[in-house]
Amino acid sequence: MNGRFLAACVPLVCTLQAGQAMPAAPETPLIDAAVRIDPAMHTLAGKAAVTIPPGPAHRLVLGARFREAIVTSDSEVRRVAAEDDAGAVAWSVPASTRATRLVIRWHGTLAPLDPDLDHRQTLTATDPVSSQEGTFLPAASHWYPGLEDERFRYRVTIDLPGGQAGLVPGDLVEESRRADGFRATYAYEHPADGIDLMAGPYLVDERMVRSIDGRGLRLRTYFPADLRPLAADYLDSVSAYIGMYEKWIGPYPYAGFSVVASPTPTGFGMPTLTYLGAQVLRLPFIRATSLGHEVLHDWWGNGVFPDYRHGNWSEGLTTFMADYHYRERQGAAAARDTRLAWLRDVSAVPPDRMQPLVTFTSRTHAASQILGYQQTAMVFEMLRNRIGEHAFDEAVRAFWKRYRFRVASWDDLRETMEAASGEDLRDFFREWLDRPGVPEIRLSEAEVRAAPGGWHIDVALTQSSPAHDVKVPLRVVTNDGEQSLTVRLDQPAQRFRLAVPSRPERVELDPDMRVLRRLTPGEAPPIFRDIMVEPHVTLRILSGDDAFAAAAQSLASRLLDSPPDGPGERGGPLAAPALVVGSRADVQRFLARENLPPVPAPVSERPPASAWTLGTPRGLVAFVTAEDADALRQVARLLPHYGRQSWVVFDRRHATARGSWPAVPQSVEVASTPAAPP
């Protein structure tokens, strides 16, 4: 899930230097807009008063779908060609020693909502869309006359027909709902880089709670009628998350938070709200995972703004303090499973697609999500291990207190961590942020010899080139228990001598998955994420009529980052990596013909549909079985949400079971040298 910097948008480049204080509210431009939207007719009409404080020149941009009706100004405003937005309307406002005020009326036609968009298509869609099922006007569509590359305050009034409700991020000022219409006004008094508007046939449920500093917070759900039974549970969860993070970080920065349902599979976070697909909201695990992630974004991303010129730290920090924290509360095994899942995701990205973490700004596909979310979260896990939990939490609170509603860079975050820990962390940040890729570390051999008072083990480690500087945990299994040790690996190949008191039997490399690295094949059981990020996947359709084949093609387009290779032939030898789709019987015959293992036990009960991964000598293969085209279409809708799983079982509406194949730590048996005692 993304923060205010929507994945569907290219973030605006902030004109402030990292860490520079935002101007006081009176010195920040103000957009005061009123819009009327008719979802049935796909139309929008608006009026905006834009007040710009004294200072340098400015530009305003209005999207290509819209036309201005009236423009008045108390300054010499010029209409100019907009840059990089074909057909858009733009105005140039000259530098002035006094405030400038413009009044603009505009109107236009919105694109019809496409309810069949998949999750990947929603990440790249920027058109303003509207229908009676839902309206979404992303900031990137320039649906209002907005200041280019500049933060501003705003006040927006929304008028909608009866049966509809809408909102923008911000504090609710006033609201009226009648049979013949809806009107609401929202104000946002902090520096914003855009305005996103959502509307739909919503029923609104509300709860007031108390902030840690005594303020009243308005919590809401905007759900269609069929989702309304979930409203109370969602309000419970939002209240609990705000309470937890206020104690951990500091007071919640806004006056409320809303959960808004979308008719398409979105997963966006904005100041004061999250916009989640209705189908996503129905998933039983969302309240325990993604919802808390979005609430936390009102501290990281929407409360402290990343300096996008130098990367986006907020998604990784949010993943670490939300998704990972929830797993830590479940116990050490659950936390280890999460670290393993992160490392599996990182290992699934081909080395030539790895980028330095500082290049990540927002997710546009699975590989970029792995970089900005999982890989960055793993860096925060290693950072906390290095400086300690107490220093890390002190730094988090200090970072929030200092940079609240300001722009902060990776360097600002590093300096805060250094101040809290008393350590120089420049080498650590350079190692894990500025360099592309991660090391692949191998434990090649271990030899033992007797030593006074115990035993010496000579351990050989290698890593991919160019070498990283990394501290590698090792676990020595002896005839009298286990001992954990750490070595510093900074060369392509090194040998280390370890001393242990008891006779060693086996050495394991990083068994708790504490190091950001590329897992070796034996450590990384195949998951669906592996096939998602492969650039060249062969689609094999084994059975079915034209409708089944079309559903299989739709599955491939929704699941894979890149279009599949080949036309999906039914015959010929297997070329891996591959996505193999067919009926249960046809897949079983295919497995026998290719001398591959049979259908695995977890998916062997002949459900309406199933999917699993298989590592073969020829490469990775993902199998999908379905009774018919309708069942396969349901798989196409659901399977992209289960990238971290190795197998999933589906009925005709839901995933009923899922899991991952077990991982095996990298280890070697200890060999005795001739000098060792018998």
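## Exercises on a predicted model

At the start of α12, a side-chain oxygen of Asp545 comes to within 3.2 Å of the backbone nitrogen of Ala547. The model is predicted. The exercises begin with this helix.

**Exercise 1.** Find how the span of helix α12 relates to the expected value, and list the buried residues of α12.

*Solution.*
- Step 1. Helix α12 covers residues 546-559, which is 14 residues.
- Step 2. From first C-alpha to last, α12 reaches 20 Å. That is close to the 20 Å expected at 1.5 Å a residue.
- Step 3. The buried residues of α12 are Phe548, Ala551, Ala552, Leu555, Ala556, Arg558 and Leu559.

**Exercise 2.** Classify the ring pair Phe285 and Tyr642, then place both residues in the chain.

*Solution.*
- Step 1. The structure holds 32 aromatic pairs. A pair of aromatic rings is described by the distance of the centres and the angle of the planes.
- Step 2. The ring centres of Phe285 and Tyr642 are 6.4 Å apart, and the planes stand at 75°. Planes over 60 degrees apart count as edge-to-face. So the Phe285 and Tyr642 pair is edge-to-face.
- Step 3. Phe285 is in the loop between α3 and α4, and Tyr642 is in the loop between α14 and β34. They are 357 residues apart, so the pair links distant parts of the chain.
- Step 4. Phe285 has a relative accessible area of 23% and is partly exposed. Tyr642, at 6%, counts as buried.

**Exercise 3.** Do likewise for Trp300 and Trp400.

*Solution.*
- Step 1. The centres of the two rings, Trp300 and Trp400, lie 6.1 Å apart with planes at 85°, so this pair is edge-to-face.
- Step 2. Trp300 sits in the loop between α4 and β22, while Trp400 belongs to helix α8. The separation along the chain is 100 residues.
- Step 3. Buried means under 20% relative accessible area. Trp300 is at 0% and counts as buried. Trp400 is at 4% and counts as buried.

**Exercise 4.** Which rings have an arginine over them?

*Solution.*
- Step 1. Arg151 lies over the face of Phe305, 4.0 Å from the ring centre. Phe305 is one of the residues of an aromatic cluster, with Trp143, Tyr144 and Phe152 also among them.
- Step 2. The charged end of Arg503 sits over the ring of Trp455, at 5.0 Å from its centre.

**Exercise 5.** Is Pro466 buried or exposed?

*Solution.*
- Step 1. Pro466 lies in the loop between β25 and β26.
- Step 2. Its relative accessible area is 57%, so Pro466 is exposed.
- Step 3. The C-alpha atoms of Pro466 and Pro492 are separated by 7.3 Å, with their positions 26 residues apart along the chain.

Definitions and conventions: Residues are numbered from 1 along each chain as its sequence is written. This is a predicted model: local features need pLDDT of at least 70, side-chain atom pairs count only at pLDDT 80 or more; totals for chains, interfaces and linings use all residues. Side-chain values use heavy atoms; hydrogens and water are left out. Rings of Phe, Tyr and Trp (its six-membered ring) pair if their centres lie within 6.5 Å; planes under 30 degrees apart count as stacked, over 60 as edge-to-face and the rest as tilted. Helices (H or I, at least four residues) and strands (E, at least two) are DSSP runs, numbered from the N terminus. Buried means under 20% relative accessible area, exposed over 50%, partly exposed in between (1.4 Å probe, protein chains only). A charge sits over a ring if NZ of Lys or CZ of Arg is within 6 Å of the ring centre and within 35 degrees of the ring normal. The expected span of a helix is 1.5 Å times one less than its number of residues. A polar contact is a pair of N or O atoms within 3.5 Å; within protein, one must be able to donate a hydrogen and the other to accept it, and residues adjacent in sequence count only if both atoms are side-chain atoms.
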